[in-house]
Amino acid sequence: MRIDSLRPASSDASFRRYFRVDTTTDSLIIMDAPPAHEDCRPFVDIATRLNQAGLNVPKILEAQADQGLLLLSDLGHDTFYQRIVNGIDDATLQVHYQGALQALVRMQQVPSTQLPVYDNARLREELNLFPDWYVTRHCNSAMSDQESQTLNSIFDMLSTRNAQQATCFVHRDYHSPNLMINDHPENGAGPGVIDFQDAVCGPVSYDLASLVMDARTTWEEPQQLDWAIRYWEQAKKAGIPVPADFADFHVEYEWMGLQRNLRILGVFARLSIRDGKTHYQQHMPRVNAYVRQVAARYNAFRPLLRLLDRLDNIETKVGYTF
């Protein structure tokens with residue numbers, strides 16, 4: 001191993017850092033997860049589960065969990081997101097995303113025993129990030145009592161309905177920054193899957209919503225629908241507990257996407273304001289647009305649109321009220 005070749009590989013929204021180091025035959029990844037802030041044992045557990053299921057995930061070559069250090073196989077240099085930003089033709093893009101959909105169906109069959117449960121209480125609690133960080137701090141706005149009451153009612157309804165979905169293994173951030181272009185097929189079939197340490201047992205539509213309403217790159221609704229239908233068809237054949245009618249599944253993943261994107265607006269605001277990671281602000285308009293896409297389709301979310309219009313200084317021309 002050439003220690004002098006040590007260089008940053010990537011970083012994420014947590015305290016974890018990743019470094020790439022060359023060997024005489026290949027390159028490896030060192031994960032540094034400071035024990036005071038991160039626990040790398042969930043990473044080891046989930047990596048083992050996914051590897052046993054045939055997913056293309058980093059192999060754990062050495063582990064010093066007490067020091068927060070892991071030596072991992074290198075899945076490649078480019079994420080889906082990096083390749084998209086650098087330019088990729090549609091035919092190649094579709095091939096990669098078909099692989100991602102197939103990997104998702106395989107991943108959803110991974111046992112979710114003893115994983116944290118993504119239940120109603122947790123879903124509901126996470127939604128508080130939206131008023132606390134996005135509305136109050138990012139938009140520097142105070143909500144009226146009526147707005148707060150109405151928003152809380154919407155959040156209760158949203159989290160309750162989403163928690164009623166069938167459950168399975170959920171990655172929680174299954175989108176373009178966490179899918180690697182497979183330039184090393186000897187590692188396994190399909191895209192490389194990373195950043196899975198926060199996996200839970202949760203709603204079946206969650207990861208599909210993450211993929212088609214990607215917080216880092218904009219997918220227009222026709223593309224969202226195309227991938228959602230392809231996933232749904234594969235999932236049904238594999239016995240994943242999705243609704244038998246796609247129209248019903250469409251509602252499920254849209255409501256789940258709304259839940260996720262409201263949370264993400266709060267998370268990105270917190271990362272920017274509290275942690276000084278201001279680059280997350282560039283993705284907020286996209287996430288806002290995903291929220292609006294769903295909220296505009298269902299009468300139950302019209303008051304949410306009214307709040308967003310006020311925050312975005314958009315004149316309301318539609319006759320809906322709180």
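Below, a trainee and a mentor talk through how labels such as buried, salt bridge and core are earned in this predicted model.

Trainee: Let's start with the charged pairs. What makes D74 and R20 a salt bridge?

Mentor: The label needs a side-chain nitrogen of Lys or Arg within 4 Å of a carboxyl oxygen of Asp or Glu. For D74 and R20 the closest N and O atoms are 2.6 Å apart, so the pair meets the 4 Å cut-off. The partners come from distant parts of the chain, 54 residues apart: R20 sits in strand β2, and D74 in the loop between β5 and α2.

Trainee: Why is D74 called buried?

Mentor: Buried means under 20% relative accessible area. D74 has 6% relative accessibility, so it counts as buried. Its partner R20 has 8%, and therefore R20 counts as buried too.

Trainee: What about R124 and D156: how do you know which of them is buried and which is partly exposed?

Mentor: Set each value against the cut-offs. R124 has a relative accessible area of 16%, and the limit for buried is under 20%, so R124 is buried. D156 has 40%, which lies between the 20% limit and the 50% above which a residue is exposed, so D156 is partly exposed. Their closest N and O atoms are 2.7 Å apart, and the two form a salt bridge. Because R124 lies in helix α4 and D156 in helix α6, this pair ties together parts that are 32 residues apart in sequence.

Trainee: What makes E126 and R263 a salt bridge?

Mentor: Their N to O distance is 3.4 Å, and the cut-off is 4 Å, so the pair qualifies. E126 lies in helix α4 and R263 in helix α9, so the pair ties together parts 137 residues apart in sequence. Both residues are buried. They also belong to one network, in which salt bridges that share partners join R122, E126, R172 and R263. The whole structure has 16 salt bridges.

Trainee: Now R286 in helix α10. Why is R286 said to have no salt bridge?

Mentor: The nearest side chain of opposite charge is that of D214, 6.6 Å away. A salt bridge needs a distance within 4 Å, so D214 does not qualify. R286 is buried all the same.

Trainee: What does the side chain of R286 reach instead, and how do you know that it is a polar contact?

Mentor: It reaches the backbone oxygen of A215 at 3.0 Å. The limit for a polar contact is 3.5 Å between N or O atoms, so this one passes. Leaving out residues up to four places away in sequence, R286 touches D214, A215, R216, T217 and T218.

Trainee: Why does T217 count as buried?

Mentor: T217 has 11% relative accessibility, so it counts as buried. This residue is in the loop between α7 and α8. Beyond its neighbours within four places in sequence, T217 is in contact with Y81, I84, S176, R286 and Y290.

Trainee: Back to α10 itself. How do you know that its span agrees with the expected one?

Mentor: At 1.5 Å a residue, its twelve residues should span 16 Å, and the end C-alpha atoms are 16 Å apart, which agrees. Helix α10 is mostly covered, with ten of the twelve residues buried. What covers those buried residues includes α5, α7, α8, α9 and α11.

Trainee: What is the reach of helix α3, and how does that compare with what is expected?

Mentor: Helix α3 has 18 residues and reaches 25 Å between its first and last C-alpha, close to the expected 26 Å. Its buried residues include L93, Y97, L101 and L104. Those buried residues pack against α1, α2, β6, β7, α7 and α8. At the start of α3, a side-chain oxygen of D89 comes within 3.3 Å of the backbone nitrogen of A91.

Trainee: Last topic, the nonpolar core. Which residues touch the most other members of the largest one?

Mentor: Those are F130, Y231 and L304, in a core of 84 residues. Helix α9 gives the largest share of this core, 13 residues. F130 touches, among others, V135, L151, F155, L262 and L304. Apart from that core lies another, of seven residues, among them Y118, L123, Y206 and A209.

Technical notes. Residues are numbered from 1 along each chain as its sequence is written. This is a predicted model: local features need pLDDT of at least 70, side-chain atom pairs count only at pLDDT 80 or more; totals for chains, interfaces and linings use all residues. Side-chain values use heavy atoms; hydrogens and water are left out. Helices (H or I, at least four residues) and strands (E, at least two) are DSSP runs, numbered from the N terminus. The expected span of a helix is 1.5 Å times one less than its number of residues. Buried means under 20% relative accessible area, exposed over 50%, partly exposed in between (1.4 Å probe, protein chains only). Contact means heavy atoms within 4.5 Å. A polar contact is a pair of N or O atoms within 3.5 Å; within protein, one must be able to donate a hydrogen and the other to accept it, and residues adjacent in sequence count only if both atoms are side-chain atoms. A nonpolar core is a set of buried Ala, Val, Leu, Ile, Met, Phe, Trp, Tyr and Cys residues joined through side-chain atoms within 4.5 Å. Lys and Arg count as positive and Asp and Glu as negative; His and the chain ends are not counted.
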